[in-house]
Amino acid sequence: MAPLNQTTDEVTARLSYSGRRLQGSLAYQASLFRNSDESLTWANPFTAGTIKTGAGLGQLALAPDNEFHQLQATLGYQLSAQTRASADIAIGRMTQDAAYLASALNTDLVVPGLPSLSLNGRASTLNASVRISSALTDTLRVAAALIRDERDNKTATAAYPMVSTDLFLGLPRSNQAFSFTNDKLKLTVDYRGPLNLVYVAGADYDARERSAQEVGTTREAT
């Protein structure tokens, strides 16, 4: 059973304003994860009944220390008695630089050196939207929204030695820095007709761009 000695500290600070027509807020959020146990070690079942100096133990890295920081801003404005516009944006940054463990505990196995001392992982996030809604009449309402989600993984790609059961070397493997952008456009019309029946029509357009994936680009209209 893996040991459990982890701590997550969360910090949030927010400043808000609310007026008759204008509302807004600015916030900072942080999440700090710390794991006091960096690895799990056990008797290697693949060496039972054999004599292998240094191969009697196996090792697995546990969840590494990491941090997430984000700035958020929101803004809403009442353009008229019937129309309201709003916007929000959140910019985040994720980091992970915990030191690597040894590639193998088997001292008889000659393993090539690691490309760096740690992953030095860096990724940025962006979530933003602009929305507007209007009651054109007592029975007709329209709304539109433009939304963007983005993840930019700046972690360097490198080749790492592959070790199987602390006994064999395999072909090197490389980490993949996965990034994406997702843009959405939404339009909705609501009409309240006779007998309180509500008729709704809408159109969505979704565009996605991905890196290090089999499908790089998708476009979808609904």
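Reader: How far apart are the closest N and O atoms in the salt bridge that Arg148 forms with Glu150?

Author: They are 3.2 Å apart. Keep in mind that this is a predicted model. The general idea is a distance rule: a side-chain nitrogen of Lys or Arg must lie within 4 Å of a carboxyl oxygen of Asp or Glu. Arg148 and Glu150 meet that rule. Six salt bridges are counted in this way.

Reader: Which other side chain meets Arg148 in a salt bridge?

Author: Asp183 does, with an N to O distance of 2.8 Å. This pair links distant parts of the chain, since Arg148 belongs to strand S8 (residues 140-153) and Asp183 to strand S11, 35 residues apart. Arg148, Glu150 and Asp183 are thus joined in a network of salt bridges.

Reader: How is the exposure of Arg148, Glu150 and Asp183 to be read?

Author: Use the relative accessible area: under 20% is buried, over 50% is exposed, and values in between are partly exposed. Arg148 has 30%, so this residue counts as partly exposed. Glu150, at 23%, is also partly exposed. Asp183 has 26%, and partly exposed is the reading here too.

Reader: What are the readings for the salt bridge between Arg208 and Asp206?

Author: The closest N and O atoms of that pair are 3.3 Å apart. Arg208 is partly exposed because its relative accessibility is 31%. Asp206 comes out at 14%, so Asp206 is buried.

Reader: Where is Ser179 found?

Author: Ser179 sits in the loop that runs from strand S10 (168-174) to strand S11 (180-192). Do not take a loop position as a sign of exposure; check the area. Ser179 has a relative accessible area of 14%, so Ser179 is buried.

Reader: Which residues is Ser179 in contact with, leaving aside neighbours within four places in sequence?

Author: They are Arg151, Asp152, Asn153, Glu209, Arg210 and Ser211. One of these, Asn153, also has its backbone nitrogen 2.8 Å from a polar atom of the Ser179 side chain.

Reader: How many aromatic pairs does the structure hold?

Author: Three. One of them is formed by Phe178 and Phe180, with 5.9 Å from centre to centre and 35 degrees between the planes. An angle under 30 degrees would count as stacked and one over 60 as edge-to-face, so this pair is called tilted. For exposure, Phe178 has 29% relative accessibility and is therefore partly exposed. Phe180 has 27%, so Phe180 is partly exposed as well.

Reader: Which residues form the nonpolar patch on the surface?

Author: Tyr17, Leu22, Leu75, Tyr77, Leu79 and Ile132, with about 550 Å² of accessible area together. Take Ile132 as one case: Ile132 is found in strand S7 (residues 121-135). Its relative accessibility is 40%, so Ile132 counts as partly exposed.

Reader: What value of phi does Asn120 have?

Author: Phi of Asn120 is near 50 degrees, which is positive in a residue other than glycine. Asn120 lies in the loop between strand S6 (83-96) and S7. Thr165 is another case that is not a glycine: its phi is positive, at about 50 degrees. Thr165 lies in the loop between strand S9 (159-164) and S10. With 42% relative accessibility, Asn120 is partly exposed; Thr165, with 27%, is partly exposed too.

Reader: How do separation in sequence and separation in space read for Leu109 and Ala203?

Author: Give both numbers, one along the chain and one between C-alpha atoms. Leu109 and Ala203 are 94 residues apart in sequence and 60 Å apart in space. For Gly92 and Ala221, the numbers are 129 residues and 29 Å.

Reader: Is Leu109 buried or exposed?

Author: Its relative accessible area is 18%, so Leu109 is buried. Leu109 lies in the loop between S6 and S7. Not counting residues up to four places away in sequence, its contacts are Ala104, Val163, Asp166, Leu167, Phe168 and Leu169.

Reader: Where does Gly92 lie, and which residues is Gly92 in contact with?

Author: Gly92 lies in strand S6. Neighbours within four places aside, its contacts are Phe68, His69, Gln70, Ala123, Ser124 and Thr125. Gly92 is buried because its relative accessible area is 4%.

Technical notes: Residues are numbered from 1 along each chain as its sequence is written. This is a predicted model: local features need pLDDT of at least 70, side-chain atom pairs count only at pLDDT 80 or more; totals for chains, interfaces and linings use all residues. Side-chain values use heavy atoms; hydrogens and water are left out. Helices (H or I, at least four residues) and strands (E, at least two) are DSSP runs, numbered from the N terminus. Buried means under 20% relative accessible area, exposed over 50%, partly exposed in between (1.4 Å probe, protein chains only). A polar contact is a pair of N or O atoms within 3.5 Å; within protein, one must be able to donate a hydrogen and the other to accept it, and residues adjacent in sequence count only if both atoms are side-chain atoms. Contact means heavy atoms within 4.5 Å. Patches are made of residues with over 30% relative accessible area and no salt bridge: like charges are joined within 9 Å, nonpolar side chains (Val, Leu, Ile, Met, Phe, Trp, Tyr) within 5 Å. Accessible areas come from the Shrake-Rupley method with a 1.4 Å probe; for residues, only the protein chains shown count as cover. Rings of Phe, Tyr and Trp (its six-membered ring) pair if their centres lie within 6.5 Å; planes under 30 degrees apart count as stacked, over 60 as edge-to-face and the rest as tilted.
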